Amino acid sequence: MTSRPSGSRIKNETPFILKVLRRNVSIVAFLVVAMSGMIAVYWYFNPNPASVEAVTGAVAAESRDFFDPDAPLAPILKPVKPVPVTQRTQQSPPPLRIGLIAGHRGNDSGTECEDGLTEVEITSDLVEKLATVLRESGIRIDSLDEFDPRLNNYFATALMSIHVDSCDYVNDLATGFKISGSPYTDSSQFSICVQQAYVEATNLPYHPNSITPHMADYHAFREISPGTPALIIEVGFLHLDRDRLVNDSEDVVNGLADGILCYLEEVR
Ligand SMILES: [Zn+2]
């Protein structure tokens with residue numbers, strides 16, 4: 001047995017820490033690689049101090065425009081533009097629905113000409129054509145008789161009753177139309193819309209001062225539900241306006257349709 005000098009024995013002894021490292025070389029290698037990676041990532045994404053200052057300064061200055069102008073510069077404050085909050089304060093409006101009464105239909109003939117032409121023929125024809133035009137605009141139409149049972153508590157966006165004035169010759173001024181609105185529900189806007197559109201389409205004169213009590217106190221006004229604006233219109237005189245009402249009713253129908261559409265625009 002050879003005994004070595006004690007000094008060389010000490011020299012050859014591997015330090016404990018190195019032994020541990022050598023034994024766990026794979027873990028050590030992993031830790032070194034991972035740390036290098038993290039340092040690289042940190043170095044790559046860490047902005048230099050000057051640019052950080054520039055960005056936060058600009059953001060804070062911009063923010064002051066949106067918020068309190070006297071507020072101090074915030075270090076980092078993402079500007080959020082104020083957006084108005086819209087709230088639904090009421091329920092969606094019900095679908096548009098218009099009631100059209102064909103004057104005298106289902107009850108009597110109305111005014112009558114010597115040759116047998118009757119008011120109810122005209123009103124029925126006009127309501128049919130008017131309903132077609134309005135339905136094409138997506139409006140729900142109820143075509144109603146003069147004393148239609150549905151008029152009892154009838155509720156709609158609006159109700160229009162169509163009549164025609166006398167077939168007797170009165171004088172040369174007996175041409176044109178009259179409108180009377182319901183006294184129970186504010187129907188003024190509806191009346192104004194129909195009056196203006198009807199004049200524009202037909203050029204017929206408007207007679208505001210010859211409303212009969214029969215028109216002002218029209219039975220349907222009392223029967224329908226409160227809250228349904230309603231009017232009765234005498235669309236013309238069957239004597240002087242006959243040709244326009246019978247053979248050339250397109251303008252008449254368009255005038256009535258435009259008046260209703262005008263009102264629907266107002267209440268929409
Ligand atoms: Zn009538």
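**Figure 1. Two disulfides in a predicted model.** Welcome to the first close-up: this structure holds 2 disulfides, and the model you are looking at is predicted. If you number the bonded cysteines of the protein chain in sequence order, the pairing reads 1-2, 3-4. The next two views take these links one at a time.

**Figure 2. The disulfide of Cys113 and Cys167.** In this view, look for the sulfur atoms of Cys113 and Cys167, which sit 1.9 Å apart and form a disulfide. Cys113 belongs to the loop between β1 (97-102) and α5 (119-136), while Cys167 belongs to the loop between β3 (158-165) and β4 (178-181), so the link ties together parts that are 54 residues apart in sequence. The link of Cys113 and Cys167 is right-handed, with 100° about the S-S bond. Are these two cysteines buried or exposed? Cys113 has a relative accessibility of 7% and counts as buried. Cys167 also counts as buried, at 11% relative accessibility.

**Figure 3. The disulfide of Cys193 and Cys262.** Here the sulfur atoms of Cys193 and Cys262 are 1.9 Å apart, and the two residues form a disulfide. Cys193 is part of helix α6 (residues 188-202) and Cys262 is part of helix α10 (residues 250-267); the pair links distant parts of the chain, 69 residues apart. This time the link is left-handed, with -60° about the S-S bond. Cys193 is buried, with a relative accessible area of 2%, whereas Cys262 counts as partly exposed, at 25% relative accessibility.

**Figure 4. The zinc ion and its donors.** Which residues coordinate the zinc ion? They are His104 through NE2, Glu119 through OE and His163 through ND1, at 2.1 to 2.2 Å. Along the chain, the donors follow the spacing H-x14-E-x43-H. Glu119 in helix α5 and His163 in strand β3 come from distant parts of the chain, 44 residues apart. Glu119 is buried, with a relative accessible area of 3%. His163 likewise counts as buried, at 3% relative accessibility.

**Figure 5. Strand β3 and its neighbours.** Now follow the strand that carries His163. How many of the residues of β3 are buried? The count is 8 of its 8 residues, so β3 is mostly covered. In a regular strand, side chains alternate between the two faces of the sheet. You can trace two sets of side chains here: Ala158, Met160, Ile162 and Val164 point one way from β3, and Leu159, Ser161, His163 and Asp165 point the other way. β3 pairs with β1 in the parallel sense over 5 bridges, and Met160 of β3 is the bridge partner of Leu100. β3 also pairs in the parallel sense with strand β5 (residues 230-237), over 6 bridges. For Ile162, the bridge partner in β5 is Ile233.

**Figure 6. Salt bridges at Arg97 and Arg105.** The structure has a count of 8 salt bridges, and this view shows two examples. The side chains of Arg97 and Asp142 meet in one of them, at 2.7 Å from N to O. Arg97 lies in strand β1 and Asp142 in strand β2 (residues 140-144), so to speak two distant parts of the chain, 45 residues apart. Arg97 counts as partly exposed, at 25% relative accessibility, but Asp142 is buried, with a relative accessible area of 8%. In the other example, the side chains of Arg105 and Asp145 meet at 2.6 Å from N to O. This pair links distant parts of the chain too: Arg105 is in the loop between β1 and α5, and Asp145 is in the loop between β2 and β3, 40 residues apart. Arg105 counts as partly exposed, at 21% relative accessibility, and Asp145 counts as partly exposed, at 26%.

**Figure 7. The salt bridge of Arg242 and Asp115.** In this last close-up, the side chains of Arg242 and Asp115 meet in a salt bridge, 2.5 Å from N to O. Why does this pair tie together parts that are 127 residues apart in sequence? Arg242 lies in helix α9 (residues 242-246), and Asp115 lies in the loop between β1 and α5. Arg242 counts as partly exposed, at 28% relative accessibility, while Asp115 is exposed, with a relative accessible area of 53%.

Technical notes
Residues numbered from 1 in each chain as written. Predicted model: local features only at pLDDT ≥ 70, side-chain atom pairs only at ≥ 80, totals over all residues. Heavy atoms only, no water. Disulfide = S-S within 2.5 Å. Helix = DSSP H or I, 4+ residues; strand = E, 2+ residues; numbered from the N terminus. Buried < 20%, exposed > 50% of the residue type's maximum accessible area, 1.4 Å probe, protein only. Donors = N, O, S within 2.8 Å, 3.2 Å for Na, K, Ca; no water. Pairing = 2+ DSSP bridges. Salt bridge = Lys/Arg side-chain N within 4 Å of Asp/Glu carboxyl O.
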